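Visitor: I have not seen this structure before. Please show it, and then I will ask about the terms.

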Amino acid sequence: MSDLLQQLDAVLESRKCGEDTDQSYVASLHRKGLNKILEKVGEEATETILAAKDAQISGDNRDMIAETADLWFHSMVMLSHLGADSQDVVHELGRRFGLSGLEEKASRCKEG
Ligand SMILES: N=c1c2ncn([C@@H]3O[C@H](COP(=O)(O)OP(=O)(O)OP(=O)(O)O)[C@@H](O)[C@H]3O)c2ncn1[C@@H]1O[C@H](COP(=O)(O)O)[C@@H](O)[C@H]1O
């Protein structure tokens, strides 16, 4: 899983320079800039929510999975555009692994 994300990170990074924007969707997003990328992230987040609500009713998860893939993909383009990548997110999830969300929230309150 992490291998696939790393391979995709490398492709997204390579699309930042020199790729033909007519041939590459990712190059066209990088070229259009952060606002366009964020617009797509927002759109895909909304579509994921709607698909999850539909899945709850129909019991069919396929659209929800496809929309979540779109959301992850566009989030990865956002990370790449700003010089981060999926491994930074995997690292952060690893740091949190095994730490209860409630414990983590409590430790934040103490720090603050
Ligand atoms: N995983 C993806 C991926 N997921 C979704 N998409 C594209 O995301 C686009 C936006 O989805 P939408 O549902 O919003 O479709 P749309 O209405 O046509 O989009 P807009 O015109 O509104 O921007 C579609 O064109 C999808 O094809 C992706 N495009 C590329 N990748 C990966 O990125 C790699 C590099 O892609 P290119 O840069 O295009 O070569 C590919 O090899 C894939 O591995």
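Guide: A polar contact is a pair of N or O atoms within 3.5 Å; within protein, one must be able to donate a hydrogen and the other to accept it, and residues adjacent in sequence count only if both atoms are side-chain atoms. Helices are DSSP runs of H or I, at least four residues, numbered from the N terminus. This is a predicted model, in which local features need pLDDT of at least 70 and side-chain atom pairs count only at pLDDT 80 or more, while totals for chains, interfaces and linings use all residues. Residues are numbered from 1 along each chain as its sequence is written, and side-chain values use heavy atoms, with hydrogens and water left out.

Visitor: What makes D85 a cap of α5?

Guide: A side-chain oxygen of D85 lies 2.9 Å from the backbone nitrogen of Q87. The limit is 3.5 Å, so D85 caps the N-terminal end of α5.

Visitor: Why is the R15 pair with the ligand called a polar contact?

Guide: A polar side-chain atom of R15 lies 2.8 Å from an oxygen atom of the ligand, and the cut-off is within 3.5 Å. For K40, a polar side-chain atom lies 2.5 Å from a ligand oxygen. Y25 uses a polar backbone atom, 2.8 Å from an oxygen atom of the ligand.

Visitor: What makes five residues of the shell around the ligand charged?

Guide: Asp, Glu, Lys and Arg count as charged; Ala, Val, Leu, Ile, Met, Phe, Trp, Tyr, Cys and Pro as nonpolar; the others, Gly among them, as polar. By that rule the shell has five nonpolar, two polar and five charged residues.

Definitions and conventions:
Helix = DSSP H or I, 4+ residues; strand = E, 2+ residues; numbered from the N terminus.
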